[in-house]
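Hello,

Please find the structure below, with its sequence. My notes on what was found in it follow.

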Amino acid sequence: MSRLIYILNGPNLNLLGKRQPEIYGRETLADVEAACRAVATRHGLDIRFHQSNREYELIDWIHEARETAAGIVINPAAFTHTSVAILDALNTFDAPVIEVHISNVHKREAFRHHSYVSLRADGVIAGLGTQGYPLAIERLAHLIGPAKA
Ligand code: CA2
């Protein structure tokens with residue numbers, strides 16, 4: 001069985017650590033990737049870590065994950081609140097999906113309170129900062145189970 005997980009990041013998250021640290025913290029996306037890789041390695045999981053500002057690229061990675069992956073962690077960023085297309089793509093993926101938000105979207109503007117992706121996600125983490133990513137991987141590792149000896 002595959003021990004590969006996809007970690008997908010939506011628009012503007014390439015600016016993490018460079019703007020609005022009061023909302024999104026000081027860690028860069030490269031720091032997040034390193035933290036994800038460390039926790040995944042501990043569980044014998046491989047990762048593909050991607051970010052895009054283009055909706056279709058996120059959809060293409062979800063399609064790729066259908067063939068290869070045992071789970072997805074996704075922070076769809078603003079597409080969370082707008083994208084039926086990402087929801088439709090995730091609905092074709094047959095393994096666990098964890099949705100992550102760095103900020104507590106429920107403490108913010110009303111338009112951030114609704115998530116299309118939550119209609120598919122098996123779990124949602126919001127407001128734990130970038131720590132949400134390794135925690136989401138811990139959950140996937142639990143759902144996927146240990147590597148066979
Ligand atoms: O809290 C989150 O993780 C969000 O998914 C981030 C999105 C926002 O639209 C969602 O409502 C909640 C925005 C990502 C923008 O990322 C930036 C990072 C640093 C500086 C500027 C933007």
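How much space lies in the largest pocket? The answer is about 370 Å³. The pocket is lined by 19 residues, and those closest to its centre are Pro 11, Asn 12, Leu 13, Tyr 24 and Ala 77. By type, the lining splits into nine nonpolar, seven polar and three charged residues. Please keep in mind that this is a predicted model.

Next, the chain as a whole. There are five helices and five strands, and their order from the N terminus is β-α-α-β-α-β-α-β-β-α. Along the principal axes, the C-alpha atoms fill a box of roughly 45 × 30 × 25 Å. The radius of gyration is 14 Å, which agrees with the value near 15 Å that a compact globule of 149 residues would have. Of the 149 residues, 46% are buried. Among contacts with a separation of 6 or more, 78% are between residues 24 or more positions apart.

Then there is helix H5, which covers residues 132–144. H5 has 13 residues and spans 18 Å from its first C-alpha to its last, close to the 18 Å expected at 1.5 Å a residue. Which residues of H5 are buried? They are Gly 132, Tyr 133, Pro 134, Ala 136, Ile 137, Leu 140, Ala 141 and Ile 144. An α-helix has 3.6 residues a turn, so residues three or four places apart point the same way. Ile 137, Leu 140, Ala 141 and Ile 144, all in the buried set of H5, can be looked at with that in mind.

What do the buried residues of H5 pack against? Their partners are four strands, E1 (4–9), E3 (71–75), E4 (97–101) and E5 (123–126), together with helix H2 (29–42). After H5 comes Gly 145, which has a positive phi, near 90°.

Last, one residue of helix H2, namely Arg 37. Why does Arg 37 count as partly exposed? Its relative accessibility is 37%, and the partly exposed class lies between the 20% limit for buried and the 50% limit for exposed, so Arg 37 falls in that class. Arg 37 and Ala 85 are 48 residues apart along the chain, and their C-alpha atoms are separated by 28 Å.

If you want a place to start in the viewer, try Tyr 24, one of the residues closest to the centre of the largest pocket, and then H5 with its buried residues.

Regards

Notes:
Residues numbered from 1 in each chain as written. Predicted model: local features only at pLDDT ≥ 70, side-chain atom pairs only at ≥ 80, totals over all residues. Heavy atoms only, no water. 1 Å grid on protein atoms, 1.4 Å probe; cavity = no way out; pocket = protein on both sides within 12 Å on 5 of 7 lines; lining within 4 Å. Points joined across faces, edges and corners; volume = space filled by probe spheres on them. Nonpolar A, V, L, I, M, F, W, Y, C, P; charged D, E, K, R; others polar. Helix = DSSP H or I, 4+ residues; strand = E, 2+ residues; numbered from the N terminus. Expected span 1.5 Å × (residues − 1). Buried < 20%, exposed > 50% of the residue type's maximum accessible area, 1.4 Å probe, protein only. Contact = heavy atoms within 4.5 Å. Rg over C-alpha atoms; globule rule 2.2 N^0.38 Å.
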